[in-house]
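Let's take a walk through some helix packing and the empty spaces around it. Have the model open as you read.

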Amino acid sequence: MFKGCVELHKLISVIVPVYNVSKYLDECVNSIIMQTYKELEIILIDDGSTDKSGVICDAFKDADSRIIVIHQKNSGSGSAKNTGLKAAKGQYLAFVDGDDYLEPDAFEYMVSHLESNNADVIQCSYKDKFINKSVNNILSPVGEFTTEEYLKLYTTDWTCGLLWDKIYKRKLFNGIYFEVGRVVDDEFFTYQGLMKAKKIVRSTHIVYNYRKRASSVSYLPNNMEKIIIDKLDYITARREKINNSFPSLKNIFNNHYLNMLVWLSTDQFSSDYTLDAIKKFAFQYLKNEGVLNIEAKDLYILIKLLITSNRKLLKKRRSNDGTEKNLKDYYN
């Protein structure tokens with residue numbers, strides 16, 4: 001258990017989107033209530049749940065004055081989190097999904113290190129929670145990072161885009177909201193606040209337990225095609241915004257973008273529809289950047305992607321290594 005040495009009094013607004021997670025909600029909310037750090041505003045947004053989640057939220061509100069419950073018509077995770085953002089009054093922001101839970105010292109550790117390092121954001125390590133095992137995801141590299149140093153990590157470490165493994169100064173997200181209707185809404189949101197941070201800290205300390213569920217929207221077959229389109233849209237928007245604000249990172253993010261286009265074209269759930277979309281974005285990139293501004297090896301890969309038929313590309317999709325077949329046995 002972490003024992004902080006900094007006197008901590010700043011309020012954390014903890015935003016918890018809730019939708020049909022009654023099986024897990026007690027563990028989630030209790031892990032927040034029982035934090036060693038007590039200066040919390042816990043905002044539970046019941047996004048039109050059809051199970052007992054809304055009733056459970058109200059019971060927690062009656063038992064703890066720090067809890068705010070907002071019931072709304074089902075509008076999706078992005079809308080629920082936007083509702084939480086509009087209600088948040090804390091100096092810090094944290095997000096916890098309604099089926100996940102925290103380590104007891106998570107907020108004490110994170111706020112203490114934010115304060116002692118005079119940082120704007122802290123990212124910590126986490127556990128993937130399966131039915132029969134846990135897998136530790138330990139960050140590397142760790143330490144202090146400038147804005148540009150951290151944004152550069154986006155091209156090599158996918159956890160930079162995660163929402164819930166971090167605590168943020170609230171002011172970073174003034175005027176920034178989640179895109180509603182996305183399956184992968186976090187990736188459209190997180191980097192925009194991080195672009196405004198002056199210092200980010202990364203730590204090996206584990207603070208979060210991420211439950212892997214077969215019924216999660218991230219694993220529903222009907223959403224897989226939409227997830228590819230969401231990824232395509234957010235890597236495009238992120239590249240453009242970061243290149244405009246940080247010209248020194250342009251070459252790095254351009255190369256990463258081309259690699260991601262190729263990677264998405266090999267996704268096991270790719271289809272004629274997603275491949276047509278990827279090719280459209282690749283052609284637009286070629287048109288905007290111009291042939292002379294693209295390295296020869298990248299230009300070759302880009303042209304090969306554009307001229308290869310969808311039928312051949314679909315034959316080369318990444319296999320799922322049995323994951324889909326074993327999903328219910330593997331996930332909660």
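Before anything else, one term: a pocket here is an open set of grid points with protein on both sides within 12 Å along at least five of seven lines, and its lining residues have an atom within 4 Å of a point. Keep in mind that this is a predicted model.

With that in hand, look at the second largest pocket, which has a volume of about 180 Å³. Its lining is made up of Val 262, Ser 265, Thr 266, Tyr 300, Ile 301, Lys 304, Leu 305, Thr 308, Leu 313 and Lys 316. Two elements, helix H8 (250–265) and H10, give two or more residues each to this lining. Which of them gives the most to the lining of the second largest pocket? That would be H10, with four residues. The mix of classes is five nonpolar, three polar and two charged residues.

H10 also has a helix partner. Two packed helices are described by the angle between their axes and the distance between the axes. Here are the pairs to look at:

| Helix pair | Axis distance | Angle |
|---|---|---|
| H9 (272–289) and H10 (296–307) | within 10 Å | roughly 140 degrees |
| H1 (22–33) and H2 (53–63) | within 9 Å | roughly 25 degrees |
| H7 (224–245) and H8 | 10 Å | about 170 degrees |

Start with H9 and H10. Since their axes cross at roughly 140 degrees, H9 and H10 are oblique to each other. Their crossing is left-handed. On the H9 side the meeting residues are Ile 278, Lys 279, Ala 282, Phe 283, Tyr 285 and Leu 286, and on the H10 side they are Leu 299, Leu 302, Leu 305 and Leu 306. Sort that contact by class and you get nine nonpolar residues, no polar ones and one charged. Leu 305 is worth a second look: it meets H9, and it turns up in the lining of the second largest pocket too.

H8, the other contributor to that pocket, packs against H7 at about 170 degrees, so the two are roughly antiparallel. From H7 the contact draws on Ile 228, Lys 231, Leu 232, Ile 235, Thr 236, Arg 238, Arg 239, Ile 242 and Asn 243, while H8 brings Lys 250, Phe 253, Asn 254, His 256, Tyr 257, Met 260, Leu 261 and Leu 264. By class, that contact has nine nonpolar, four polar and four charged residues.

Now over to H1 and H2. With an angle of roughly 25 degrees, H1 and H2 are therefore roughly parallel, and their crossing is right-handed. Ser 22, Leu 25, Asp 26, Val 29, Asn 30 and Ile 33 of H1 meet Ser 53, Ile 56, Cys 57 and Phe 60 of H2. The classes in this contact are six nonpolar, three polar and one charged.

Last comes the enclosed space. How many cavities of 30 Å³ or more are there? The count comes to one, and the largest cavity holds about 40 Å³ of space. Around the largest cavity sit Ala 94, Phe 95, Val 96, Leu 102, Ala 106, Phe 107, Met 110, Trp 164, Lys 166, Val 207 and Tyr 208. Strand E4 (92–95), helix H4 (106–117) and strand E10 (199–211) each supply at least two residues of that lining, with the largest share, three residues, coming from H4. By class, the cavity lining has 10 nonpolar residues, no polar ones and one charged.

How values were computed
Residues numbered from 1 in each chain as written. Predicted model: local features only at pLDDT ≥ 70, side-chain atom pairs only at ≥ 80, totals over all residues. Heavy atoms only, no water. Axes fitted to C-alpha atoms, helices over the stretch in contact; angles between N-to-C directions. Parallel < 35°, antiparallel > 145°, perpendicular 65-115°, else oblique. Left-handed = near helix turned anticlockwise from the far one by under 90°. Contact = heavy atoms within 4.5 Å. Nonpolar A, V, L, I, M, F, W, Y, C, P; charged D, E, K, R; others polar. 1 Å grid on protein atoms, 1.4 Å probe; cavity = no way out; pocket = protein on both sides within 12 Å on 5 of 7 lines; lining within 4 Å. Points joined across faces, edges and corners; volume = space filled by probe spheres on them.
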